[in-house]
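User: Could you take a close look at how the helices, strands and chains of this structure fit together? I am in my first year, so a friendly walk through one part and its surroundings would help.

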Amino acid sequence: MKTNDVILQTTTKVIFFIIILFSIHIFFAGHYAPGGGFVGGLLTSSGIVLLLLAFDLKTVSTMLPINYTVMVAIGLLIALGTAAGSIFFNVPFFTHAFEYFTLPLLGKQSLHTAALFDAGVYLVVVGVTMTIIQSIGEDE
Amino acid sequence: MSFVYFIFIPMIAALLIPFLYKKVCGIHTGWFVLVIPVVLFGLYTTLLSNVQHGESVTSSFEWIPSLNISFVSYIDGLSLLFSLLITGIGALVVLYSIYYLDKTREQLHNFYVYLMLFMTAMLGVVQSDHLISLYFFWELTSISSFLLIGYWYKRDRSRFGALKSMMITVFGGLMMLGGFVLLSIMGDTYSIRELIAIAPELANHEWFVWSLILVLLGAFTKSAQFPFYIWLPDAMEAPTPVSAYLHSATMVKAGLYLVARFTPIFASSEWWIWLVTGIGLLTLFWGSFFALKQTDLKGILAFSTVSQLGLIMSLLGAGAISFHTGIEDNSIFKYAAFAAIFHLVNHATFKGCLFMIAGIIDHETGTRDIRKLGGLMSIMPITFTIAMIGSFSMAGLPPFNGFLSKEMFLTGMLSIPDFDFFAFDTWGILFPIIAWIASVFTFVYSFYFVFRTFTGTYKPDFLPKKAHEAPFGMLISPAILGLLVVAIFFIPNIIADILIKPAVAAIQPYLYSSPEEIDIHVSAWHGWASPELWMTIGIIVIGFLLYWTLSKWQPMFEKIPKWFSLNRIYDKLMDLSETGTHRFSSLYMTGYMRSYLIYMFTAIVVLTISTVFIKDAFDISFAMLAPIHLYELVIVLVLVAGTITVLTAKSRLTSIIALGSVGYSVALFFVIFNAPDLALTQLVIETVSVALFLLAFYHLPKLNRHENRMKFRLGNALVAFGVGAMVTIVALSAHSNKLVRSISSYYEDTVYSEAGGGNIVNVILVDYRGFDTLFEITVLALASLGIIGMIKLRLSKKKEVNRNENK
C-alpha cells in the first residue's frame, strides 16, 4: 500500500529551510552566544534527516549530491589547516588571529580564524552524522 | 698480546664454518675446525711460565663503558688450567668427531658451529673477571649446550634431554645472576679480583649469605650436583663427542670453576663450607650408588661424572676450611684444594677417554646396552686397553693418576673431623665414612663398566652390527688421553708445578702469595702406617667382593619404587606447572565479559576506598554548598525515577524510553546550571542515541526475545553499590578539600580582550583548548569510518556468497 505523505512532504519543504537557517545562525553566533560548530552541524544534519524521513534515500541523494565521507575529510583538513596555519607566521601551533572590520551591510564585525576552525568542526559533524545514518539506513 | 680477543676466535670461526661446509664438500669440515683449538692451545701454553711465577695476564675491552661493563680476560693459574683443558680436550674431541660423525649423513656445519660457540662461551666463563660478562658467557654455555644436546633434533629423547638441561641450568644461571648483582651492590664493583680484595668487609654484610646461596645454586645446577644432577643422564642423548667434551671435561666443570673462583670471597662463611662439602659428598655417594643401576654405557658414565664432580666439589669445600686454620697450622686442609684441582685434571683425562671409548663401542657394535655387550676384548684389543686404563684410574688404582688424587681425597676427608669449629668435630665423622662407601661403589661401577663390556661371552646375535676394531683415527684421541692418565701417575710433581700449584694459589690467595710457596709434594706411597693405604686396600677388597656378587644384588635396584626418583619429581613439577597454571588461568579467565567487569570494578572500588581511608582523605564539609531549590529537587526525583525504571523495567523498550528521560532531565539540569551549549548538545545527542537504541532494539533476534526483567544477583548488586559508594565518597571528599583556586577567572577576564569572543565555552573549545577539539572531531571521523567498515565490508558474508557460487 502506498501511503500519501503529501502533508509531511510539504511541511518538510518549508521547515527544512528554517532549520538550515537556524543552524547557520547558531553556527555563526557561536563565538558570542550559545551555539557553535558542533550544535550547528547537528542541526543541519537533523534538517537533512527530516528530508530523509519525508522522502527516501535516493531522492535525497539526488537533491543533495554530497559524499559525506569526503565532507568529513574536508572538515578535518580545514580544522587542521587552520591550526597549522599559525606556524607560517612564526607563532605557536593553534594560535588564532582576529581583527575587526567594517563590512558592507553587516557593519562592524570581527573576522576570526577560530570561525574557520569551527567550520571544520561543523563539516565533520554533519559528515559523521550523515554517514552513520546513511550507512545504517542503506543496510538490509 | 690481548688475550681477551682470543676468547672470540672460535665464535668468529663459527661464522665461517657454514661457508666452508657448503663450498668444500670433499674434505670433512672438522679438519678446518681442528686448527682453532690447536692454535689456541699453543697460545695458552706460552703463558705457562708467566703463571708459574705467580704472574697474571690481564686484558680488556670496553663493552658498555657508561655502565662500567667490559670484557676482562684475567688469566691466572686457575683460568689458564681451565683454558688449557678446554682447548686441549676440545682439539681431541674435534679430532675424534671427524671420525665419529659421518661427512655425508650428518649436518656437520650445525655441529661445529654449536661446538665453537660453546668453546667461546667456556673460555669466556673461565677467563672473565667481570661478573656481568661472566654471566653472559655462562648463559652462552647453557644455550650452546642446549643446541648440542638437541643435535639429533628428530629424536624425542634428544629434545627432552635438551629442554631439561636448559630448564635446570638456566634456572641456576638466573639465580647466579641474582647472587652476582647482590655481590656487586655489596662491593660496589663488578670485578672479581676487587671483590676478593675486600672479602672481609663483605662477610659482615646482611646479604652475604643470600649472595652465597644464589651463586652456589648456579654452580650446583651447572655442575650437576644433588639434586640438580638429573639433567646430566638425559643429556647423554647428545652425540658422544659432545658428551665427552661438555659432560665430562668442560661445562660441568664450570660450576667447579665458579666455586673455586669464589672460594676466597665466601670461604669465611660456615654456610659455604657445609654446603659445598656436604652437597658434594652427597652427590658423590648418590651418583656412585645409582651408576650401578644403569645398563647404558653412557648412563653409567653420566652417573660416574656426577659422582666424581661431587668428589671434587667436596674437596673444594674442605679446601675452604683452610681459611680458618691458616698456613702455619700444618693441617691437611690446605692440601684439599690441591687435591681438588689435581682430581679435576685427572677426571678430565680419564672421563674424556672413557666417553670416547663408549662412543667407539656404540659406533662399532651398534648398541650401548651393557646387557647385549660382552667378549669384545679379543675383537677390540686396543679399545679394551684404553678402556681399562681409564676405568682403573676412575676406580683409583695404581699405576694411574686417579689413584693419587683418590688418596689425597681420602686424606682430606679423614681430617675433617679434626676441624673443631662449625660442629665438624661431631658430625664430621660421617664424612670419611660416606667418602669411603662411595669409593667402594666407584670401584664396583668402574669394573662393571669395563669387564661387562669386554669380558664374558661374545653375543653376536644381539648386536645390530658385526663388531670390529675401530679405525685408527678414532683411537688417537682416547689413546692420547690414556697416555696422559698413565704419565701423570709417574710425573705428578711436574704437572703439579706447572699447572696445579698456580691454580691452587688462585683459589687460596689468603694462604699463598705465589705458587712457589706451596710446599705440597705428591707421593704415591704414604708408608704402612697411614690410614689411607688401609682404606684403599679396603676399597679394593670390598669392591672386588661386591663386583663378584653383583649379579646377586643388582636386581635390588629394580625394587626401588618408581616414585623414589628425582626425575619423577622433576616431571611432576613440570607437569604441575603446566596443568596448574592452565587450571589457574582457566579458573579466572572465564571468557565472560561479566566476570572481567566484576574483577575490574571490585579492584577499582577496593583500591580507591581503601586509599581514601588509609590516607585519611575522607572528609565531608558543608561549608561551600549552594542552597537547594525546589525545581532542582523535582528534576532529581525524575532522574532517580528514570534510573530505577531503567533497572527494573520488564521490557527493553521501557528501559530505552526511561533512559531517554534520564538524558532529557540531565539536559534540564544543564539549563538550570547555566550551560546553554551543553543543554543544546545534550538534547540533540540524546535524541540521536535513543533513535539508535530503538534501531538496535528493533533488530534483536526474534528467537530469544522474551521480555524478562533483569535477574537480581547479589554479587552484582554489591559491586554496583560499591562503585556508587566509591564515586560518592570521592566526590564528597574532593568537594570538601578544594586545595587550589579555579582558573576560570582568567577566561572570564580575557575572553574578549585576548580571544575576541563572548561565549566562553565556545572560545575554550576552539581557541584556548582547541587542540582537544581537533582530536575529538578526529574521534568522530574514526567512529563514522568504523561504522562504514562494519556495515559495508562484511567479508564473511562475501565469502559465503563466493562459496555458493563455486558450488
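Here is a walk that begins with a pair of helices and then moves on to the rest.

Analyst: Happy to help! Please keep in mind that this is a predicted model, and let's begin with two helices of chain B.

Two packed helices are described by the angle between their axes and the distance between the axes. Here the pair is helix α18 (residues 381-395) of chain B and helix α19 (residues 401-415) of chain B, with axes that come within 7 Å and cross at roughly 10 degrees. Angles under 35 degrees count as roughly parallel, and α18(B) and α19(B) are therefore roughly parallel to each other. Which residues make the contact? On the side of α18(B) they are B:S393, B:M394 and B:A395, while α19(B) brings B:N401, B:G402, B:F403 and B:K406. Sorted by class, this contact has three nonpolar, three polar and one charged residues.

Staying in chain B, look at the loop between α11 (208-222) and α12 (231-234), where you will find B:P227. A cis peptide bond joins B:F226 to B:P227, with omega at about -5 degrees. B:A224 also lies in the loop between α11 and α12 of chain B. Its phi is positive, near 55 degrees, and B:A224 is a residue other than glycine.

Another helix of chain B, α8 (residues 156-187), holds both B:D156 and B:R159. Their side chains meet in a salt bridge, at 2.5 Å from N to O. Because B:D156 and B:R159 are three residues apart in that helix, about one helical turn separates them. Over all chains, the count comes to twelve salt bridges.

How many salt bridges are there between chain A and chain B? The count is one, and the side chains of B:K792 and A:E138 meet in a salt bridge at 3.2 Å, N to O. The two chains touch through many other residues too: 36 residues of chain A are in contact with 36 residues of chain B. Between them, chain A and chain B bury about 3000 Å², with 74% of it on carbon and sulfur atoms.

Finally, let's visit a pair of strands in chain A. Strand β1 (residues 98-103) and strand β2 (residues 107-112) of chain A run antiparallel and are joined by six bridges. To follow the pairing by eye, find A:E99, which stands opposite A:L111 in β2(A). Then find A:T102, which stands opposite A:K108 in β2(A). Together β1(A) and β2(A) form a hairpin, with three residues between them. In the turn sits A:L105, with a positive phi of about 75 degrees.

Definitions and conventions:
Residues are numbered from 1 along each chain as its sequence is written. Chains are lettered from A and ligands numbered from 1 in the order in which they are written. This is a predicted model: local features need pLDDT of at least 70, side-chain atom pairs count only at pLDDT 80 or more; totals for chains, interfaces and linings use all residues. Side-chain values use heavy atoms; hydrogens and water are left out. Two strands pair if DSSP finds at least two bridges between them. Helices (H or I, at least four residues) and strands (E, at least two) are DSSP runs, numbered from the N terminus. Axes are lines fitted to C-alpha atoms, for helices over the stretch in contact, and angles run from 0 to 180 degrees between N-to-C directions. Angles under 35 degrees count as roughly parallel, over 145 as roughly antiparallel, 65 to 115 as roughly perpendicular and the rest as oblique. Contact means heavy atoms within 4.5 Å. Ala, Val, Leu, Ile, Met, Phe, Trp, Tyr, Cys and Pro count as nonpolar, Asp, Glu, Lys and Arg as charged, and the others, Gly among them, as polar. Buried area is the accessible area (1.4 Å probe) that two parts lose on being put together, summed over both. A salt bridge is a side-chain nitrogen of Lys or Arg within 4 Å of a carboxyl oxygen of Asp or Glu.
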